Amino acid sequence: MSSGVNPAYALKSFRRDDLLVRECLLGSEQAWSDLIDKYSNLIFSIAIKYGCSRDDAREIFQAVCLTLLQELSHLREPRALAAWLIKLTVHKCLRRRREGRTFVGVDIESEEFASSGQLHEAVIEGLEREQILREAIAEASPECRRLISLLFFADPPLRYEQAAAVLGFAKGSIGATRMRCLERLRSSLEKKGFR
């Protein structure tokens, strides 16, 4: 998939960070697994955007998860978890770059960030917006998650006829269902402050 997003991701639904963090701190392995699932695409996509090879991206992912495990009890505000993970992942990417690892191309201006040591706010905002979108999709109904996954995240995206066959819908109903799903998604994004 060209976007680096797992189409199966759109089929998952996730709980709020404060609930997941609390359960993780109480020792719930399921909550830990859910927390990692929730943020795996975010972490991995940052490494890819910074030009890491897939192997380096996997190593960065593991390093971020280990740091999260070690620092989770010190997290003061679970609502800030996404922003903290973004900064942590970027920091690990920049460290990997300084170590002289091979990079396969850079999607964002990481050279500027690497030399200044600061992460540009526009990049953080863009990554946070991506995560808000992932979460809004995860909160949609199973039918909408599947339809959005097929139409927007499959590589290549399915045509209406193909999506209808996969979902078992009448061919002519996909357009109206898509419109309803996107309207609900827009409303959810607005509630989350997505701009």
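In this predicted model, the axes of helices α1 and α2 approach each other within 8 Å and cross at roughly 140 degrees. Two packed helices are described by the angle between their axes and the distance between the axes, and both values are therefore quoted here for the pair. Angles over 145 degrees would count as roughly antiparallel, so the crossing of α1 and α2 is classed as oblique. As for its hand, α1 passes α2 in a left-handed crossing.

It is worth looking at who meets whom across this pair. From α1, the residues taking part are D17, L20, E23 and C24, and their counterparts in α2 are A31, W32, D34, L35, K38 and Y39. Sorted by class, the contact of α1 with α2 comprises six nonpolar and four charged residues, with no polar residue.

Two of the contact residues, D17 and K38, are also joined by a salt bridge, in which the closest N and O atoms lie 2.7 Å apart. This pair ties together distant parts of the chain: D17 belongs to helix α1 (residues 17-25) and K38 to helix α2 (residues 29-49), with the two positions 21 residues apart in numbering. Are these partners buried or exposed? D17 has a relative accessible area of 10% and is therefore buried; K38, at 4% relative accessibility, is buried as well.

The D17 and K38 pair has company, since the model holds 15 salt bridges in total. Side chains of opposite charge can pair when their charged atoms come close. One such case is E161 with R159, where the closest N and O atoms are 3.4 Å apart. Here E161 is partly exposed, with a relative accessibility of 38%, whereas R159 reaches 53% and counts as exposed, because the cut-off for that class is over 50%.

A further salt bridge brings the side chains of E190 and R186 together, at 2.3 Å from N to O. Both residues sit in helix α9 (residues 174-191), four residues apart, so about one helical turn separates them. R186 is partly exposed, at 36% relative accessibility. Elsewhere, salt bridges with shared partners connect R15, E23 and D34 into one network. Two members of this network return the description to its starting point: E23 in α1 and D34 in α2 are among the residues through which the two helices meet.

Notes: Residues numbered from 1 in each chain as written. Predicted model: local features only at pLDDT ≥ 70, side-chain atom pairs only at ≥ 80, totals over all residues. Heavy atoms only, no water. Salt bridge = Lys/Arg side-chain N within 4 Å of Asp/Glu carboxyl O. Buried < 20%, exposed > 50% of the residue type's maximum accessible area, 1.4 Å probe, protein only. Axes fitted to C-alpha atoms, helices over the stretch in contact; angles between N-to-C directions. Parallel < 35°, antiparallel > 145°, perpendicular 65-115°, else oblique. Left-handed = near helix turned anticlockwise from the far one by under 90°. Contact = heavy atoms within 4.5 Å. Nonpolar A, V, L, I, M, F, W, Y, C, P; charged D, E, K, R; others polar.
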